[in-house]
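Here are my notes for when you open the model at your desk. I have set them out as numbered points, so you can take them one at a time.

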Amino acid sequence: MNKVFPQGDIDSNAAAGTKVLPGEAACIAPCCSRRGACLSAFVLLLLAAVAALIALIIILGSPPRTPGAQACVTLTNRTGFLCHDRRSCISASGVCDGIRTCPHGEDEEEALCRDVPQSLPSFLVAHCGNPASWIYSDQKCDRTNNCGDCSDELSPVTACPPCGPGWWHCPSTVFEYCDCIPRSLCRDRVQHCSDWSDEYSCPGP
């Protein structure tokens, strides 16, 4: 038995150059309309999500940048570590000491402190006469025996300026000092210099 299609449908399909099965013609327009609506809704949702993300970034602020470690000069004229706010300069020995000194705590970051001294920038480190020993760069030439062998205070390892005001130059007998002792130790009836100059020549504080 042969099916007979309405002449109007056959003519319109023939004119469009497409073959439409019975019952399909009635579905084309609604289906296309539903697909268009779904696509429009998806685009709107995507735009709304992007707008919400931008608003969140504006409200909370963009994440802080992490610039590389930079040197600075402290108020005591020593090598220091410049904090990320680019205003705070902390002493070299204040880095990786377990205390967060910079406003954002970058002086104690894991990347900086995970393998001290290898993980520290070179400007924070000074090496002693013993290659296995090291000190912070601001501990060099501070008149204190930080290396244990005075190599951080004496040549040929280190060239330090002469003893300044408040210090007396002499070969120290005290382990804490090397070639300068505080003038406050002079004339105290205790030998601090191997030549006794702290008791007989030093004018005192």
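**Notes on the predicted model**

1. With -95° about the S-S bond, the disulfide of C150 and C178 is left-handed. Its two sulfur atoms lie 2.1 Å apart; a disulfide here is a pair of cysteine sulfur atoms within 2.5 Å. C150 sits in the loop between strand 5 (134-136) and strand 6 (167-169) and C178 in the loop between strand 6 and strand 7 (180-182), so this pair ties together parts that are 28 residues apart in sequence. Helices and strands are DSSP runs numbered from the N terminus, helices being H or I with at least four residues and strands E with at least two. Both C150 and C178 are buried, where buried means under 20% relative accessible area, exposed means over 50%, and partly exposed is in between (1.4 Å probe, protein chains only).

2. A word on the ground rules before going further. This is a predicted model, in which local features need pLDDT of at least 70 and side-chain atom pairs count only at pLDDT 80 or more, while totals for chains, interfaces and linings use all residues. Residues are numbered from 1 along each chain as its sequence is written, and side-chain values use heavy atoms, with hydrogens and water left out.

3. Now for the overall layout. The protein chain has four helices and seven strands, and from the N terminus on its elements run α-α-β-β-β-α-β-β-β-β-α. Of the 205 residues in the chain, 28% are buried.

4. How many disulfides does the rule give? The count comes to nine disulfides. As a reminder for the bench, a disulfide is a covalent bond between the sulfur atoms of two cysteines.

5. Please look at C83 and C102, another of these links, whose sulfur atoms are 2.0 Å apart. The torsion about their S-S bond is about -75°, so this disulfide is left-handed. C83 lies in the loop between strand 2 (79-82) and strand 3 (89-91), and C102 in the loop between strand 3 and helix 3 (110-113), so the pair ties together parts that are 19 residues apart in sequence. C83 counts as buried at 2% relative accessibility, and C102 is buried too, with a relative accessible area of 4%.

6. The link between C163 and C180 has its sulfur atoms 1.6 Å apart. Its S-S torsion is about -80°, so this disulfide is left-handed. The pair links distant parts of the chain, with C163 in the loop between strand 5 and strand 6 and C180 in strand 7, 17 residues apart. Are these two cysteines buried or partly exposed? C163 is partly exposed, with a relative accessible area of 21%, whereas C180 is buried at 1%.

7. Strands 1, 2 and 3 deserve a slow look. These three strands form an open sheet in the order 1-2-3, with antiparallel pairing. Strand 1 (70-73) and strand 3 are the edge strands, each pairing on one side only. The twist averages 50° from one strand to the next, taken between axes that are lines fitted to C-alpha atoms (for helices over the stretch in contact), with angles from 0 to 180 degrees between N-to-C directions.

8. What holds such a sheet together? Strands of a sheet pair through backbone hydrogen bonds, either parallel or antiparallel. Here, four bridges join strand 1 to strand 2, and strand 2 pairs with strand 3 over three bridges; two strands count as paired if DSSP finds at least two bridges between them. Q70 stands opposite L82 in strand 2, and F81 stands opposite I90 in strand 3. Strand 1 and strand 2 form a hairpin with five residues between them, and N77 in the turn has a positive phi of about 65°.

9. Toward the C terminus, C202 lies in the segment after helix 4 (197-200). C202 is buried, with a relative accessible area of 0%. C202 and H169 are 33 residues apart in sequence, and 9.0 Å apart in space from C-alpha to C-alpha.

10. Finally, please display helix 2 (residues 25-60), where L46 is found. L46 counts as partly exposed, at 48% relative accessibility.
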